[in-house]
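I opened this model to go through its strands, helices and a few single residues, and I note below what I looked up and what I found.

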Amino acid sequence: MYKKVEIEIGGKAITFETGKLAKQTDGSVVVTCGDTMVLVTAVAEKKSKNMGFLPLTIEYQERMYAAGRIPGSYFRREIGRPSEKEVLTCRLTDRPLRPLFPEGYMCETQIITTVFSADPEVDPDILAMNGASFALSISDIPWNGPIAAARVGYIDGEYVLNPATSQLEKSALDLVIAGTKSAVVMVEGRSGELSEDVILDAIFFAHQGIQPIIDMQNQVRDEIGKPKRKVEPPVVNEPLKARVEELAAAGMEAVVTTVDKMERYGKYDELKASVLDQIDEEMYESESEVSELLGDYKKNLMRGRIVNEGQRIDGRSFDEVRPISCEVGTLPRAHGSALFTRGETQAMVIGTLGSERDEQHLEGLKGDVYRNFMLHYNFPPFCVGEVRFLRGPSRRDIGHGNLARRGIQAVLPDGESFPYTMRVVSEVLESNGSSSMATVCGASMALMDAGVPLKAPVSGVAMGLIKEGDKVVVLSDILGDEDHLGDMDFKVVGTSNGITSLQMDIKIDGVDREIMSQALAQARDGRQHILGKMEEAITAPRQDVSEHAPKYITIKIHPDKIRDIIGPGGKIIREMSSEFDAKIDVDDDGTVKIFCSNDVSAKALKTRIEEITAVPEVGKVYEGEVKTIKDFGAFVQILPGTDGMVHISELAHHRVNKVTDILKEGEMVKVKVIEVDNRGRIRLSRKAILDENQE
């Protein structure tokens, strides 16, 4: 059935149109704001696959035609691998949707967003998120939505709902939130060291702003929505459950009180094997059924110990951060390096400096973007004691790296005062919760070790939540099991002055203002504690960049002299780059940026360029090589590429019959510039600097 509705959010009209395109889907909608238009489709298999988890796939694909561009790849079509922007938008869409599917629903489900038209002032990501909720709501796919999403900015002390792209450039906040009617379910964004109160108000300002979208979806669903498929809730084998808990009771207590992660996992595996050995095979259909019941028992026992007895797995108090050790300069040849260890989570983080040529080039709907700061997060299988094939970065890796990058971005120096391209790589060596936050801390220290003048050090901490009825416990610096068995993963990054980035995901229906306020306050204390530990390793950026980092020098030349350093076909600049092992960048305004491997080469190259681009000054004495001799005088090269003529009458105070009586080709001679005419011709004199008594 065709339906079109328009709603105004933040002063901008958003249109939802369904029943016209992609009608063979279970649900589809075209969402339009400005000139940005996206198609969102939802399709689910009819049969459950009983995979033990929800097989949900979210895809977001940008088409370059949407912006009137032809892809720059060799094949001139969009490449198969999604871009970073596409991956991050998939994650934004997935995270608020996934917790709202009913328990027991295991049909393979796919949501695809295609960007048909792109307005540079309207980012498609918010439309994709709202469109996914709309498509699910009107479909027959079981889902406990709707949700809605919005972006909020903070400009001149005022909150702005769904700001335009140009507005975000001057905004101290870029925060995406998603929520249901009653609660917030997802937060993601960056901040310019804003306070916890400002962030909290922003989140609930946006939550209030999305209410009309939720109301509209409920209304449209009631009007044209398909009847939802029935989902049979999982039936619990009560006799088997009782038997599993009876056999596991004593051993599980030892499991949930074992501090060491690998030892705890080992004890759990031994317990599972013991339980399986003692249960009659007639009581269960598959071992996975026993494993699931045992996992539920472990989860309930851990959660109960926390909320009822105040006991975490490792015995810490709720607001206590694990033991931390930090060191810098760990890798001898790296420009900057840091080893950050917190409990059983460890990251080796390396900073590398390069020239402008090393900037990352990103092609997207908004045109070409050049990024001078990159942060890459690697999570190898050995860091959690596993074996698996090494592939490229996963969506999780890209998301964690982006969170850390935004957290550091706020404190980086500007390009004019520090013109280096910076790349940070985090190698996670051990993981038991919060490896992305270890990456943030390590990145801050590695950059300072490399001599990058950060405005302030940055740390991060992950907060968790256990909610059982009216009992609510907020946990600081969560372990992997506390993340897996808990209800919230809330990562907060910032300096001592305020928050620079944050990310929140939940597994329950939502969190209210009181819980978020407590989590932010507890996170602030945790960040301050971690910053103190980091300062024990390095208190401020190094005074200069690493001895192994390229040395940077800037020279300003007259724009007319650019061709002199480039040379015919780039010959001269290539020769200098090779001779001095340097990267030379020349701007149109005459700014020459030199990157050399050491100070000696940098200074020598600077001298060479100054000689090539020097302008002869009248009255100044130069020593040059005699290049050519004519009957009327000699041509002397006084500067690289610059010749002047010494007339025969200017060779000496006495009459000279032949130029060769005084000068020979290849000879070095001192001369004085006596004139530069309006055509640039240079007249030189030898006799002007001779002592007449020596003639």
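**Entry 1: a hairpin.** Which residue of β15 does Q360 stand opposite? I looked this up in the model, which is a predicted one, and found that Q360 stands opposite R371. The two strands concerned are β14, residues 360-364, and β15, residues 367-371, and they run antiparallel with five bridges joining them. I also noted that β14 and β15 form a hairpin, with two residues between them.

**Entry 2: β3, β4 and β6.** I then turned to β3 (residues 27-33) and β4 (residues 36-48), which pair in the antiparallel sense over seven bridges, with V31 standing opposite V38 of β4. This hairpin has two residues between its strands, and in it G34 takes a positive phi near 60 degrees. Following β4 further, I found that β4 also pairs with β6 (residues 107-117), again in the antiparallel sense, over nine bridges. The bridge partner of M37 in β6 is S117.

**Entry 3: the eight-stranded sheet.** In what order do the strands of the open sheet of eight strands stand? I read the order as β8-β7-β9-β10-β21-β20-β18-β19, with antiparallel pairing. The edges are held by β8 (158-161) and β19 (471-476), and because each has a single partner strand, one side of each is left without a neighbour in the sheet. From one strand to the next, the twist averages 15 degrees.

Within this sheet I checked one pair in detail: β20 (residues 488-494) and β21 (residues 499-506) run antiparallel and are joined by seven bridges. For D489, the bridge partner in β21 is D505. Helix α12, residues 513-535, packs on the sheet and touches β10, β18 (459-468), β19, β20 and β21, while its direction makes about 145 degrees with that of β18. Helix α4, residues 196-209, lies across β7 (148-155), β8, β9 (173-179), β10 (184-194) and β21, and runs at about 35 degrees to β8.

**Entry 4: the two helices themselves.** How far apart are the end C-alpha atoms of α12, and what should its 23 residues span? At 1.5 Å a residue the helix should span 33 Å, and since its end C-alpha atoms are 33 Å apart, the two values agree. At the N-terminal end of α12 I found a cap by D512, of which a side-chain oxygen lies 3.3 Å from the backbone nitrogen of E514. The buried residues of α12 include I515, M516, A519 and L520, and further along R527, I530, L531 and M534.

I repeated the span check on α4, where 14 residues at 1.5 Å each should give 20 Å and the end C-alpha atoms are indeed 20 Å apart. This helix is mostly covered, with 10 of its 14 residues buried; among them are V198, I199, L200, I203 and F204, together with E196 and H207.

**Entry 5: cysteines.** How many disulfides does the count come to? I obtained zero disulfides, with a cut-off of 2.5 Å between cysteine sulfur atoms. For C326 the closest cysteine sulfur is that of C441, and because it is 7.3 Å away, it is too far for a bond. I also looked at C90, which counts as buried because its relative accessibility is 3%, under the limit of 20%.

**Entry 6: two charged side chains.** Is D397 buried or exposed? Its relative accessibility is 10%, so D397 counts as buried. D397 is found in α9, residues 395-409, and, leaving aside its neighbours within four places in sequence, D397 is in contact with Y377 and F379.

K664, by contrast, counts as partly exposed, because its relative accessibility is 47%. K664 lies in the loop between β27 (642-647) and β28 (668-676), where its side chain reaches the backbone oxygen of T660 at 2.7 Å. With neighbours within four places in sequence left aside, K664 is in contact with V626 and I629. As a last item I noted the separation between K664 and V307, which are 357 residues apart along the chain and have their C-alpha atoms 97 Å apart.

Note on methods:
Residues numbered from 1 in each chain as written. Predicted model: local features only at pLDDT ≥ 70, side-chain atom pairs only at ≥ 80, totals over all residues. Heavy atoms only, no water. Pairing = 2+ DSSP bridges. Helix = DSSP H or I, 4+ residues; strand = E, 2+ residues; numbered from the N terminus. Axes fitted to C-alpha atoms, helices over the stretch in contact; angles between N-to-C directions. Contact = heavy atoms within 4.5 Å. Buried < 20%, exposed > 50% of the residue type's maximum accessible area, 1.4 Å probe, protein only. Expected span 1.5 Å × (residues − 1). Polar contact = N/O pair within 3.5 Å; in protein donor to acceptor, adjacent residues only side chain to side chain.
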